[in-house]
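Here is a short report on salt bridges, cysteines and one helix. Please read it with the model open.

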Amino acid sequence: GYPAAIDLWSLYLPQALRHFMPKGQLERVRDLCEQALRGCPPQYAAPLYLLYARVEEEHGLAGSVIRILERALTVLPPTEQWNVLHLLLAKAKQLKGPLACRPIYEQAMARNPTIPLALEW
């Protein structure tokens with residue numbers, strides 16, 4: 001259980017990536033990431049979500065990256081949301097264009113009103 005499990009997942013997931021990705025087993029890696037996130041307290045989840053998003057960016061679908069980062073925003077504590085929001089907006093701009101950023105930013109502001117009105121990205 002958590003919090004001890006975060007150390008185990010942090011060690012295991014990178015090794016699993018090195019083992020399964022050359023074999024083309026993206027679904028297995030996705031399943032492991034979902035298992036790691038299941039039951040994970042919000043204060044420990046940020047590194048797992050970022051790893052999961054990186055896997056999808058490098059080996060999966062662009063839409064999945066955005067979906068995972070949006071999911072992270074709904075789960076993470078407000079102190080962690082700022083960095084994830086910056087990454088999400090950068091990825092949305094890169095993958096879908098600048099017009100995709102506005103709805104993401106508006107949803108983030110609706111969930112967390114402490115987000116500053118101006119971002120530099």
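Glu58 is exposed, at 53% relative accessible area. The classes used here are buried (under 20% relative accessible area), exposed (over 50%) and partly exposed (in between), with a 1.4 Å probe and protein chains only. This is a predicted model, in which local features need pLDDT of at least 70, side-chain atom pairs count only at pLDDT 80 or more, and totals for chains, interfaces and linings use all residues. Residues are numbered from 1 along each chain as its sequence is written, and side-chain values use heavy atoms, with hydrogens and water left out.

**Salt bridges**

Glu58 pairs with Arg54 in a salt bridge, with 3.9 Å between the closest N and O atoms. A salt bridge here is a side-chain nitrogen of Lys or Arg within 4 Å of a carboxyl oxygen of Asp or Glu. Arg54 is partly exposed, at 41% relative accessibility. Both residues sit in helix H3; they are four residues apart, so about one helical turn separates them. Helices are DSSP runs of H or I with at least four residues, numbered from the N terminus.

The whole structure holds seven salt bridges. Among them are these three:

| Acid | Base | Closest N and O atoms |
|---|---|---|
| Glu56 | Arg30 | 2.4 Å |
| Glu34 | Arg71 | 2.9 Å |
| Glu58 | Arg54 | 3.9 Å |

Which helices does the Arg30 and Glu56 pair tie together? Arg30 lies in H2 (residues 26–37) and Glu56 in H3 (residues 42–59), so the bridge joins parts 26 residues apart in sequence. Arg30 is buried, at 17% relative accessibility. Glu56 is buried too, at 0%. A network of salt bridges links Glu27, Arg30 and Glu56.

Glu34 and Arg71 form another salt bridge. Glu34 is in H2 and Arg71 is in H4 (residues 62–75), so this pair ties together parts 37 residues apart in sequence. Glu34 is partly exposed, at 24% relative accessible area. Arg71 is also partly exposed, at 26%.

**Helix H2**

H2 has 12 residues, and at 1.5 Å a residue it should span 16 Å. The expected span is 1.5 Å times one less than the number of residues. The end C-alpha atoms of H2 are 17 Å apart, which agrees.

Which residues of H2 are buried? They are Leu26, Val29, Arg30, Leu32, Cys33, Ala36 and Leu37. These residues cover an arc of only 160° around the axis, so they lie on the same side of H2. The arc is taken from the directions between the helix axis and the C-beta atoms. The buried residues of H2 pack against H1 (4–20), H3 and H4. Contact means heavy atoms within 4.5 Å. After H2 comes Gly39, with a positive phi near 80°.

**Cysteines**

How many disulfides does a search of the whole structure find? The search finds zero. A disulfide would need a pair of cysteine sulfur atoms within 2.5 Å. For Cys33, the nearest cysteine sulfur is that of Cys40, 12 Å away. Cys40 is likewise in no disulfide, and its nearest cysteine sulfur is that of Cys33. Cys33 is buried, at 3% relative accessibility. Cys40 counts as buried as well, at 11%.

Definitions and conventions:
Helix = DSSP H or I, 4+ residues; strand = E, 2+ residues; numbered from the N terminus.
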